[in-house]
Amino acid sequence: MPERQLRVNRRTLIKAAGATSAVLGLSGLGLSGYRAGKAPDSYTGCEGSQGAAQDFDRKRFAVDTPPYEKVGPTSRADGRTEVIFSRVGVARSAAEKGAKIEDLDEPFKSYYAQHPEDFEFDKQNRELRRKVREDSEENRNRYILAEAWAGAMGAVSPRSIGNDPPEVSDFPRQGSREPFKMKSPAATAKLIKKVSYEFGTVLVGITKLNPDWVYQYPSSRRGFATDEPIEVPKHWKYAIVVGTPMSWDPMYANPTYGTSNDAYSKSRIVAFRLASFIKRLGYAARPHTPGNSYDLMVPPIMVDAGLGEQGRHSVVITPELGCNFRPAVVTTNLPMATDKPIAFGVQEFCKTCKICAEQCPSGAICKGDKEVVRGYRRYRLHSSKCFNFWNSTHGSMGCRVCIAVCPYTRKSNWVHKTALQVTANDPTGLSHKMLTGMQKRFYPGPEPSDYYAATLGGKNASYREPPWWLKTEDFIAL
Ligand code: SF4
Ligand code: SF4
């Protein structure tokens, strides 16, 4: 058979297999979608807090190596400079004093010398905030309820693990408890997942901790000296990752009406409860929680724990919640069976979709190919641009537009559950293009520049209308 014909036939065969999978997804697997979406307007993941919502059949998509590419040699992130919240104060203060990069102390001097663009962006955000506050009273007042709600959602939540070193803070109080002998790692994993759901999580996964994901230097003190490298504690053997969704309607009305605080609080509570539970069994446990109380990078640990794949926007995409969740991690030495990573088509989908990059107001999400970052190939996110946009809007701090617009972040009704099964089962990528086109057609967003405050040239836009209960003008006489 001529080579060309052979190639065509192979391609046809692959496409036919993909189409068959897609049809199977629509028919057979659509049934599970229908079952899961019996409430046609059900909210993503919020409807089950005891494991019922984590219903994607991960075993069918389990892989031996995680869906990211290690091209090595690898290095660990410096939490002092590579975490925007840790470095931004230095640039702000430099802006006030008129200081240049060469005037800064290490490690900021070296970081900004390598990333002079970040220095320029990071110096701007206090001024951007000031410009937002100059907006008209009418525009500012529109977000009174949204800000009150965001503040309340962050008001009741455990925050601190203190400042003892991990060898002290992670363990049960000295002499209080010898570790109980657990019957088996599999039974322990089952127990930990069940109590995590009872504590309020929607997602939970378990992995061995890859030390590459621990910061080289800490982003906040948490018992570490800020100028000494972190020696990964020997008792950080496993990582349990939990994730809870943000309330749907405000999330959909990002950036001005949404808040991360609701899911931050829930995930913090779950992680602190889980760490307490494990310590009461005599083992070491340490919560790593949002906003910035982490000693490690969470997204790749989520991937390792089989909860999802990292998307173009750097957030992990899960089958159940898309990217509408906030995670927390507990590191521990409690022996448990671990989960396998999954590959359900996200890497292929993100190659052509690019909706988040097109709708990101700040241009922080790359539209091009992956780059090598610390020995791993991934999409680079420009965190300085992103954080500047957070300072360019009303409402609670943050943005989350990339989460709202991602086609994987949809309500868990049967249509969206079925679409997920189709993309996950289609090796040709044909359905990806079709679904991306549908997403753009049915869920268009405002112009990215419209998301900015009026005093910064925007229209104070949100991705969707605010929920009725956050419309200040309908409740407060101004
Ligand atoms: S949070 Fe907003 S500004 Fe940041 S990357 Fe996402 S869409 Fe862009
Ligand atoms: S919006 Fe599209 S490109 Fe961006 S993370 Fe989601 S699927 Fe990937």
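Angles of 65 to 115 degrees between helix axes count as roughly perpendicular. In this predicted model, helix H2, spanning residues 84-97, packs against helix H14, spanning residues 383-390, at an angle of about 75 degrees. H2 and H14 are therefore roughly perpendicular to each other. On the H2 side the contact is made by Ile84, Phe85, Arg87, Val88 and Arg92, and on the H14 side by Ser383, Ser384, Phe387 and Trp390. By class, five residues of this contact are nonpolar, two are polar and two are charged. The axes of the two helices lie 11 Å apart.

H14 also takes part in the surroundings of ligand 1. The shell around this ligand consists of Cys360, Pro361, Ser362, Ile365, Leu381, Cys386, Phe389, Trp390, Cys399, Arg400, Val401 and Cys402. At least two residues of the shell come from each of H14 and helix H15 (401-405). H14 gives the most, with three residues. Trp390 of H14 belongs to the contact with H2 and is also listed in the shell around ligand 1. Ten residues of the shell are nonpolar, one is polar and one is charged.

Ligand 2 is surrounded by a shell made up of Arg312, His313, Ile317, Phe349, Cys350, Cys353, Lys354, Cys356, Cys406, Pro407 and Tyr408. Of these residues, eight are nonpolar, one is polar and two are charged. The largest cavity is the space that ligand 2 takes up. Cysteines appear in the surroundings of both ligands: Cys360, Cys386, Cys399 and Cys402 are among the residues around ligand 1, and Cys350, Cys353, Cys356 and Cys406 are among those around ligand 2.

Backbone geometry was examined at several loop positions. The peptide bond between Glu106 and Pro107 is cis, with omega about 5 degrees. Pro107 is situated in the loop that runs between H2 and helix H3 (108-114). A cis peptide bond also links Asn254 to Pro255, where omega is near 5 degrees. Pro255 is part of the loop between helix H9 (248-252) and helix H10 (261-280). At Arg222, a residue other than glycine, phi has a positive value near 45 degrees. Arg222 belongs to the loop between strand S2 (203-208) and strand S3 (238-244).

Note on methods: Residues numbered from 1 in each chain as written. Chains lettered and ligands numbered in written order. Predicted model: local features only at pLDDT ≥ 70, side-chain atom pairs only at ≥ 80, totals over all residues. Heavy atoms only, no water. Near = heavy atom within 4 Å. 1 Å grid on protein atoms, 1.4 Å probe; cavity = no way out; pocket = protein on both sides within 12 Å on 5 of 7 lines; lining within 4 Å. Sits in = over half its atoms within 2 Å of the grid points. Nonpolar A, V, L, I, M, F, W, Y, C, P; charged D, E, K, R; others polar. Axes fitted to C-alpha atoms, helices over the stretch in contact; angles between N-to-C directions. Helix = DSSP H or I, 4+ residues; strand = E, 2+ residues; numbered from the N terminus. Parallel < 35°, antiparallel > 145°, perpendicular 65-115°, else oblique. Contact = heavy atoms within 4.5 Å.
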